Amino acid sequence: MILDVIVADKKKRLMEQKQVCSEAEMKKRAEECNRISISFYEALKKPGLSIIGEFKKASPSHGRMDNKIELTDRIDQYNASVDAISCLTEEDHFQGSVAYFEQIRSITMLPMIRKDFIIDPYQIYEAKVIGADCVLLIAAILTDEKMKQFYDLAYELGMDVLLEVHDEEEMKRALTLKAKIIGVNNRNLKDFSIDLNTSERLSKMLPGETVFVAESGVSKDSDIAFLGQTRTDALLIGTAFMEAKDPQGLAKHWKKVFESAADYNVKAL
């Protein structure tokens, strides 16, 4: 499974990184960091659809992104249309980096999530140091003990957590943790197939105060309209925005499509 390969590569990267900056030093930097995080939770919890616009150079399922605008132009468009930003920092399979994150952090005031395959406290300390407001934790690669440890550490450092699940069992684990923000990845990580019904199905398990994020698989109006009829608070959109000439216009359009579908659903009830 691709997750196993990514995690194995991440372990190698971490060994190299700790040779440059030890975990003790990274922890010290994080604890001394005086930057006050911007609430990722509040950005997504507000009424109406929230959108997390993503920055990624490539992905295992898609290959290299066909980027049609420069990074600074994309930031300007995201600043004017989305509610938060996701940035991949995974090096080997998504061509991300900490430097890429820091570049974006320096030119936006939107809350940012470090999207990576977090398997070590080092990465959470580093997230704080580079200016992340939230970190991604993937239930599929963490034990219950590690998931709680990393979740608590992120909040101790003043950051939020987006806890990603893929099925009912992982959702039950997330609910036991009482996670404030839960995301469902609609991509099957075994064969890369997309099924938006995953979000529709799993979102029904959530309590009202939990923010629900639908991740992956959104590429057209009908996808947005479908999710507009579900219990979705936010969408994390990557490839569709990365390959759009006008992500700002697309984000604004999809918010309207979502709200129309949501209004129709309320009236139908």
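Axes are lines fitted to C-alpha atoms, for helices over the stretch in contact. On that basis, in this predicted model, helix α1 (residues 2-20) packs with helix α6 (residues 121-129) at an angle of about 65°. The two axes lie 11 Å apart. The crossing is left-handed. On the α1 side, the contact is made by K10, L14, Q17 and K18. Y122, Q123 and E126 make it on the α6 side. By class, two of the residues in this contact of α1 with α6 are nonpolar, two are polar and three are charged.

Helix α6 is mostly covered, with eight of its nine residues buried. The buried residues are P121, Y122, Q123, I124, Y125, E126, A127 and K128. They pack against several elements, including α1, α2 (23-32) and α5 (98-105). Strands β5 (112-115) and β6 (134-138) are also among the packing partners of these buried residues, as is α7 (144-156).

The strands form a barrel. Eight of them close in the order β1-β4-β5-β6-β7-β8-β9-β10, with parallel pairing. Neighbouring strands of this sheet are turned by 25° against each other on average, direction ignored. Strands of a sheet pair through backbone hydrogen bonds, either parallel or antiparallel.

Strand β1 (residues 50-55) is mostly covered, and six of its six residues are buried. S50, I52 and E54 point one way from β1. I51, G53 and F55 point the other way, and all of these residues are buried. Strand β1 has pairing partners in both β10 and β4. With β10 (residues 234-237), β1 pairs in the parallel sense over four bridges. Here S50 stands opposite A234. Four bridges also join β1 to β4 (residues 84-88), and these two strands run parallel. In this pair, E54 stands opposite S86.

Further round the barrel order, β6 is joined to β7 (residues 160-165) by five bridges. These two strands run parallel. C134 has D160 in β7 as its bridge partner. Helix α8 (residues 168-176) lies across β7 and β8. The helix runs at about 155° to β7.

I181 is placed in strand β8 (residues 181-185). At 0% relative accessibility, I181 counts as buried. I181 and L162 are 19 residues apart in sequence, yet their C-alpha atoms are 5.1 Å apart in space. Leaving out residues up to four places away in sequence, I181 touches F40, Y41 and L44. The contacts of I181 also include D160, V161, L162 and L163. T210, V211 and V213 are further residues that I181 touches.

The cysteines were also examined. A search of the whole structure finds zero disulfides. The cut-off for a disulfide is a pair of cysteine sulfur atoms within 2.5 Å. The sulfur of C21 is 13 Å from the closest cysteine sulfur, in C33, and is therefore too far for a bond. C33 likewise is in no disulfide, with the sulfur of C21 as its nearest cysteine sulfur. C21 is buried, with a relative accessible area of 9%. C33 is partly exposed, with a relative accessible area of 23%.

Definitions and conventions. Residues are numbered from 1 along each chain as its sequence is written. This is a predicted model: local features need pLDDT of at least 70, side-chain atom pairs count only at pLDDT 80 or more; totals for chains, interfaces and linings use all residues. Side-chain values use heavy atoms; hydrogens and water are left out. Axes are lines fitted to C-alpha atoms, for helices over the stretch in contact, and angles run from 0 to 180 degrees between N-to-C directions. A crossing is left-handed if the near helix is turned anticlockwise from the far one by less than a right angle, and right-handed if clockwise. Contact means heavy atoms within 4.5 Å. Ala, Val, Leu, Ile, Met, Phe, Trp, Tyr, Cys and Pro count as nonpolar, Asp, Glu, Lys and Arg as charged, and the others, Gly among them, as polar. Buried means under 20% relative accessible area, exposed over 50%, partly exposed in between (1.4 Å probe, protein chains only). Two strands pair if DSSP finds at least two bridges between them.
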